[in-house]
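Please look over the structure shown here, with attention to how helices from two chains meet. The paragraphs after it go from one chain as a whole to particular helix contacts and then to a single residue.

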Amino acid sequence: MSQRKRSRGSGPSQADDGDEDFSLSPTLPRSQVQRNLERHSQDQVNQKVSELVQFLLVKDQKKIPIKRADILKKVIREYRDIYSEIVNQAGRTLQQVFGLQLVEMDTRQHIYILTSTIPRTEGENLRRDNQTAKLALLMVILSFIFMKGNSVKDGAVWEFLRRLRIQPGERHEVFGDVKKLVTEEFVRQKYLEITPIPLTDPPEFKYQWGPRAAKETSKMEVLRFVAKMQGKDPTYWVSQYNEAKTTR
Amino acid sequence: MSGSSSSDGVTSSSGNSRSERGRASLPSTSRNGAVPQRRLQELSPGSADRDMEETGAEDEQQQRLEGGEGDEQSRRIIRNQYRELIYSVQQNREDMLSSKSNRLTEALEEANKLFSGVSSAREAALDAQFLVLASNLGKEKANELHCEMTTFDSLVFAEDLLTFMGINRIEAEENDNDSESISGYLPSDAWHKLGEETEKYFRRAPSFHYMLGSFKSDPPVPRQRIERQKKTTGTEEKRAMPAQLKKMEESHQEATEKEVERILGLLQTHFQNDPSTPISFFDLVIDPNSFARTVENIFHVSFIIRDGFARIKLDDDKLPIIEPSEDNEEREDGHSAGARNQVVLSLNYKDWKEIVETFEITEPMISPPYHSNEDEMETD
């Protein structure tokens with residue numbers, strides 16, 4: 001008990017070094033959770049569920065995957081024994097009220113993202129911020145990677161972007177520091193995966209889709225985008241089409 | 001070079017055939033290892049303690065050198081053949097790249113055959129050159145396997161994207177070969193426009209933002225919000241009355257007083273008309289159309305009672321009634337014996353509804369303030 005108080009007292013903005021407090025996996029068997037559930041009143045449980053829903057919605061603003069450790073430390077706290085039940089209910093609420101899906105992206109690392117289950121309607125953007133433009137850049141990169149065989153060298157990516165008037169060294173009027181956006185932000189959000197190619201000097205990197213990209217869109221969707229841009233049918237690119245069909 | 005072989009001269013003849021056999025059985029892939037080894041032999045004659053194969057080759061070379069003209073001729077032929085092979089591979093690159101063609105394999109086999117006649121560095125170097133060429137071609141063929149039918153042309157894709165984004169191609173001349181040329185002008189909402197199209201292909205959860213809040217989305221914020229919400233939901237009920245009233249008091253101090261006076265006037269008028277009949281408290285304050293107005297009325301009436309202009313009593317049915325009082329003594333002296341009482345009245349929405357039904361109140365006795373000029377019995 002005192003341990004938890006200490007971590008709370010040290011401020012909510014503490015970096016995630018509270019992990020050691022919650023390193024014990026809270027995934028208890030369902031029967032155990034059901035028994036624990038009886039120890040709390042329905043109102044209390046509902047309260048926690050609402051808090052978790054709010055927390056997830058706000059945390060998702062930056063599109064950085066949400067860690068289970070954060071959820072435990074900042075929301076669940078002493079209700080750890082019914083963690084899985086709270087998460088399930090929160091997921092249901094998100095689905096029923098907001099049409100959002102809580103996806104556990106990595107079952108080892110236990111990180112969550114929110115995706116939408118309803119298609120976007122036209123003219124929805126009330127907030128004029130950068131998110132839409134950044135999504136365009138991301139889509140361009142993802143489609144380039146996919147059409148070129150799912151793994152591309154960094155040199156090829158940046159050469160392609162140059163054709164779209166994006167210079168990695170210069171400040172872009174829409175994106176600012178593009179290099180940082182692509183290599184840091186997109187990677188942190190798990191849209192892209194950039195890994196160094198071994199035995200290269202100067203070091204080269206390969207760009208691939210990140211797990212979030214696979215969850216929020218699909219190869220088929222990306223192929224459709226490319227096809228639309230080029231005014232062709234998706235089946236025009238036979239091998240990519242076949243690959244897209246068989247993936248998921 | 002010639003001196004070292006003397007000790008091995010005995011074995012030379014038998015070694016010859018053995019080494020030939022040995023060479024023939026080597027697969028083409030291991031040639032890379034064999035060639036430098038042979039070259040090493042030629043360069044370092046002192047290392048005579050190799051296996052039979054090596055020494056046999058050296059001897060054979062010896063024999064060849066001793067052979068003279070004929071051997072030089074055959075070597076030249078081999079070199080020519082290699083150069084031809086290399087040339088043909090280079091010229092027929094596209095054909096070799098085609099997945100249907102076996103020509104690369106055929107060329108490799110031919111080179112393998114040629115290699116069996118190779119014994120000196122020059123030819124071996126040509127063989128190595130051919131190998132580099134063939135392996136590069138092989139790698140390209142492997143890459144082609146990825147996008148077998150239609151290769152993706154990223155240049156065209158880039159141009160299509162720019163077109164979609166609404167590029168203004170001002171310059172008429174085209175520098176098509178130089179793809180780096182900046183021709184044309186991208187409008188400022190280019191990327192945004194592309195983004196709107198892109199969103200259709202994504203299942204991205206829209207960002208959740210509070211409309212009235214100016215919060216930055218840092219981790220601490222949700223926590224504070226959660227705590228606050230916990231508190232407010234708990235005390236919402238009791239707070240409703242004072243919260244509203246406080247606001248009124250702060251901003252409309254005088255309005256309150258005016259309101260109280262107005263109600264007092266209402267009351268007194270009523271009492272003048274009918275001095276002996278007290279008014280039911282509920283009849284007075286309850287506004288059947290608005291719970292909020294009811295609460296306001298109770299608030300205003302409480303001032304009247306505090307100031308001693310009226311009294312609340314319980315009648316025979318134990319229901320509260322208001323009756324006028326002589327305010328002279330009570331007002332100045334706040335501590336007259338037994339006269340002052342404090343009461344806390346709680347009324348929630350449900351109760352209010354029940355009272356309206358039970359007492360069959362259809363019209364508010366206290367009219368809403370903005371209609372004060374009209375008939376007091378008017379309803380909204």
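What follows describes a predicted model.

Chain B serves as the starting point. The secondary structure of chain B consists of 15 helices and three strands. Chain B has 380 residues, and 33% of them count as buried. Among the contacts in chain B with a separation of 6 or more, 63% are accounted for by residues 24 or more positions apart. The area that chain B exposes is about 24200 Å², with carbon and sulfur atoms supplying 50% of it.

One helix of chain B, H9(B), takes part in two packings with helices of chain A. Two packed helices are described by the angle between their axes and the distance between the axes. For helix H6 of chain A (residues 131–147) and helix H9 of chain B (residues 190–198), the angle is about 70° and the axes are 7 Å apart. An angle of 65 to 115 degrees counts as roughly perpendicular, and H6(A) and H9(B) are therefore roughly perpendicular to each other. On the H6(A) side, the contact is made by Thr132(A), Ala133(A), Leu135(A), Ala136(A), Leu137(A), Met139(A) and Val140(A). On the H9(B) side, Trp191(B), His192(B), Leu194(B), Gly195(B), Glu196(B) and Thr198(B) contribute. Sorted by class, this contact of H6(A) with H9(B) comprises eight nonpolar, four polar and one charged residues.

The other packing involves helix H10 of chain A (residues 219–230), which meets H9(B) at an angle of about 130°, with the axes 11 Å apart. That angle makes H10(A) oblique to H9(B). The crossing of H10(A) past H9(B) is right-handed. Here Phe225(A), Lys228(A) and Met229(A) of H10(A) meet Leu194(B), Glu197(B) and Thr198(B) of H9(B). The contact of H10(A) with H9(B) has three nonpolar, one polar and two charged residues. Leu194(B) and Thr198(B) take part in the contact with H6(A) and also in the contact with H10(A).

A residue of chain A completes the walk. Glu243(A) belongs to helix H11 of chain A, residues 238–246. Is Glu243(A) buried, partly exposed or exposed? Its relative accessible area is 25%; because buried means under 20% and exposed over 50%, Glu243(A) is partly exposed. Leaving aside residues up to four places away in sequence, Glu243(A) touches Phe146(A), Asn150(A) and Lys219(A). Of these, Lys219(A) is 24 residues from Glu243(A) in sequence, and their C-alpha atoms are 8.0 Å apart in space. Phe146(A) falls within the residue range of H6(A), and Lys219(A) within that of H10(A).

Methods: Residues numbered from 1 in each chain as written. Chains lettered and ligands numbered in written order. Predicted model: local features only at pLDDT ≥ 70, side-chain atom pairs only at ≥ 80, totals over all residues. Heavy atoms only, no water. Axes fitted to C-alpha atoms, helices over the stretch in contact; angles between N-to-C directions. Helix = DSSP H or I, 4+ residues; strand = E, 2+ residues; numbered from the N terminus. Parallel < 35°, antiparallel > 145°, perpendicular 65-115°, else oblique. Contact = heavy atoms within 4.5 Å. Nonpolar A, V, L, I, M, F, W, Y, C, P; charged D, E, K, R; others polar. Left-handed = near helix turned anticlockwise from the far one by under 90°. Buried < 20%, exposed > 50% of the residue type's maximum accessible area, 1.4 Å probe, protein only. Areas by Shrake-Rupley, 256 points an atom, 1.4 Å probe, with all protein chains shown as cover.
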